[in-house]
Structure formats: structure tokens, C-alpha cells
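Thanks for making the time this morning. I would like to walk you through one model, slowly, and please stop me if anything is unclear.

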Amino acid sequence: MSAPSGYKVSAVDLTGFNERWFCSSCGFVPRLVVQTGLCEHLYCEKCLAAVLRQTNPVCVKCEKPLQHCQWFPDNFLRREIECKFVHCKNTALGCDWRGELKSADVHQHSCPYIPSPCRNDGCTNMVPAIQLTQHEERECSHRQIECEYCGSSMISEACQEHYQSCPNVSVTCDRCGKTDIPRGQLWLHVDPVNGDCNRMYCPFRAHGCSCDELLNRESLARHLSEDLSGHLLLLPRLIESIPQQRLAVSPPRGEIRQDLLAAEAEVTAHSWALTTHYRRQEKLVADVKALIVASSETARVIEQVSSEQRQENAMLRNRIERLEEEFERLRATVEGQGFSLNALWRFIRELLRLPQWLIRGRLT
Ligand SMILES: [Zn+2]
Ligand SMILES: [Zn+2]
Ligand SMILES: [Zn+2]
Ligand SMILES: [Zn+2]
Ligand SMILES: [Zn+2]
Ligand SMILES: [Zn+2]
Ligand SMILES: [Zn+2]
């Protein structure tokens, strides 16, 4: 359906118009009013022409056939209608123009309050033309703004959310209460090695250490040294978690970005070296543990063997003592009465059955 051709008069102005003065077709105040000859009903010139183009046209109001009907312009009524004072249809938006109906069209095209679409991406607001710049640059929730703390740009609507994560906004350390720390430097403050915060968690807490107390520097050092090897074994987990943490941070800009990229490359290289180092260390600890298990088994065997050895030694000592006695006896015999060859031969045979080191210790 095409736009109605009558004048659209706002509700405040309708009281000035006679209730008969409306177009029988479009229902608005008739533009270039014409009147049918037969039923004398009123139409806009354009509306009646449209009705007459239909086959077997009838009056919209009274349904009388209009086929061969006469019609004529009602110039008297037209002048009366066009001289009525009306308001601008943008009155509600702030326009205070008021003038004759015949000049309303001209005003409407240049009305400073004509609703205009906001040109910011994503905004669907229609704003009076005269306020458009103000809206687009200062009020629109979709306008681009720069963060007053870090200078990054975003749409206005997102700035409250950005402040919750902006690295330059000052925060308070919830461990020690220190204030005015730029959020992006909080990690430096709470760094267990280089930070100046004196209340900290064990750095391995998120990676398997069960200690969840806040410790001061001295207690932390004590805690770490009390279970050094246990913490050492958690290091690879801590190092492996670094790339995920890095991905969670939004990409920074410009120079800072350059610096960060360089630092990141260095950290990655160190992290790789450390990971390798601690993997090796971890393997070493495992090897040592295995070695300890193996050597305690060996010790048990040695203990067993040496007790057997002790018994054997005692037996040998006995035999040697007996042989020494025999030797003394033989020597006395040899020295006293000449020697018995058989007895000497028996002695030598016994002697030869002893381990050499025992003989050496005893008889020389
Ligand atoms: Zn009409
Ligand atoms: Zn009629
Ligand atoms: Zn206006
Ligand atoms: Zn807008
Ligand atoms: Zn910011
Ligand atoms: Zn602190
Ligand atoms: Zn710990």
C-alpha cells in the first residue's frame, strides 16, 4: 500500500477540523480536496483518482457507483483547510514550529528535529537531527571511547567491564592491604621471589601443594625448605601452566606489545630450559630412589653373607689355633727326640687346605 496522500495532522490540532473534512479513502485531512457530484463525499484528488482506476468503482464511504460520476475540486474548502494552524509533527521531540497547514510540508523537510538514525555501529536509536552529533559523540552507548587509564579504545558500553580488567586501574592487594598498585603490576608485588608483599601463598599451591595458608617471607622460606624435593617435583606442572595463563590475557598494544613479545620469547626459552632441567632432575630423583631400594636389598644380602663369613672365619681360626698347637708340639718333638715324618706330612697337608691370606697373617 502506498503512502496516504492526505495531510497527517497531529492529535492536538485535530480539534480545529470539522469532522466531515476527512478524505473518504485515506482518512486524513484531504490534500487538493475534491467532492463527488452524486454523493458529495470528500476525497484527496489523488485518492479519488486511485478509486476511479478500479473496475466498476464505488464511493468508499457510501458504495454508490462512481463510473460516470462527476467530481469537482472544492477550492473554497481547500483554502479553509490549508489555512488551519498546525504544530510540527516532531513536537514531542522538541520542535516548537507552528504554522499554516500549507507550509507544514516545507517545514517538515527541513525540521531540525526530524528523527535521524545514529551512525554508530550497532546503535539503533533515532535521534532528533539537531541532537545527532551530541548523541553520537557524547551520549551514545556505542560510541568509541578511549580508556582514561590505559588509552585502549572500546565502545562506551564496554568501559565499565573494561575497568574491571584494565591493567592501569589502581587496586588494593587483598593479602597485605597495600593500596594504589596498578592492576597489571599486582603480580610483581605478590611475586614470591622479587615482590614486596609480605603475605603470600606457596607458589606451588595451584599446582599440587596442599598448603593454603597465607605465609610471610620467613614462613614461606621455611615451608619450601621443609619439603624441597616435594616442591621440586611440582615445578614442571607450574612451568607447563605458564602458556595457558598467557593465552588468557588480551593482546596488548604498540611498544608494550613489542617489549612483551621479547620478554615472552625469553621466558619461553628459559621455561623450556627449566622444564628440561627439572625433567632431568625428576628422573634423577626417581633413579636415586630406585638405587636406594636396590642398595638396601644389597645391604641385606651383604649382612647375611658377612654373618656366614664370620662363622666360617671363626671355624678357620679354630683350626689354625689347633694347627699352631700341633706345630708347637711337633717342634718340641723334633727338637727333643728327632721328628716323625708322618706327623709332619699330615701337618703340611692341613696347612695347604687353608686360604693363603690366613696363613700369611698367622705363620710369618
Ligand atoms: Zn485521501
Ligand atoms: Zn459517497
Ligand atoms: Zn519541526
Ligand atoms: Zn547511538
Ligand atoms: Zn584501560
Ligand atoms: Zn600485598
Ligand atoms: Zn608448598
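I will begin with the chain as a whole, then turn to a sheet, to the helix that lies across it, and finally to the nonpolar cores.

Please keep in mind throughout that what you have in front of you is a predicted model. The protein chain has 364 residues, of which 12% count as buried, and its secondary structure comes to 11 helices and 11 strands. If we take the contacts between residues at least 6 apart in sequence, 31% of them join residues that are at least 24 apart.

Let me now go to the sheet, which is open, has three strands in the order E2-E1-E3, and shows antiparallel pairing. The edge strands, each pairing on one side only, are E2, residues 42–44, and E3, residues 71–73, and from one strand to the next the twist averages 35 degrees. Strand E1, which covers residues 33–36, is paired with E2 in the antiparallel sense through three bridges, and E1 and E3 are likewise antiparallel, over three bridges. Val 34 is a useful residue to follow here, since its bridge partner in E2 is Tyr 43, while in E3 it stands opposite Pro 73. The connection from E1 to E2 is a hairpin with five residues between the two strands, and in that turn Glu 40 has a positive phi of about 60 degrees.

Helix H1, residues 45–52, lies across E1, E2 and E3, and it runs at about 95 degrees to E2.

Which elements, then, give two or more residues to the largest nonpolar core? That core has 16 residues, and those touching the most other members are Cys 23, Val 29, Val 33, Tyr 43, Cys 44 and Cys 47. The elements in question are E1, E2 and H1, with E2 giving the most, namely three residues. So that we can look at one member in more detail, take Val 29: leaving aside neighbours within four places in sequence, Val 29 is in contact with Gly 6, Tyr 7, Val 9, Phe 17, Trp 21, Phe 22 and Ile 81. There is also a second, separate core, made up of seven residues, among them Val 190, Met 200, Phe 204 and Leu 220.

To bring this together, Tyr 43 is the residue I would ask you to find on the screen, as it is the bridge partner of Val 34 and is also listed among the core residues that touch the most other members.

Key. Residues numbered from 1 in each chain as written. Chains lettered and ligands numbered in written order. Predicted model: local features only at pLDDT ≥ 70, side-chain atom pairs only at ≥ 80, totals over all residues. Pairing = 2+ DSSP bridges. Helix = DSSP H or I, 4+ residues; strand = E, 2+ residues; numbered from the N terminus. Axes fitted to C-alpha atoms, helices over the stretch in contact; angles between N-to-C directions. Contact = placed C-beta atoms within 7 Å. Buried ≥ 20, exposed ≤ 12 C-beta atoms within 10 Å, placed from the backbone. Core = buried A, V, L, I, M, F, W, Y, C linked by C-beta atoms within 7 Å.
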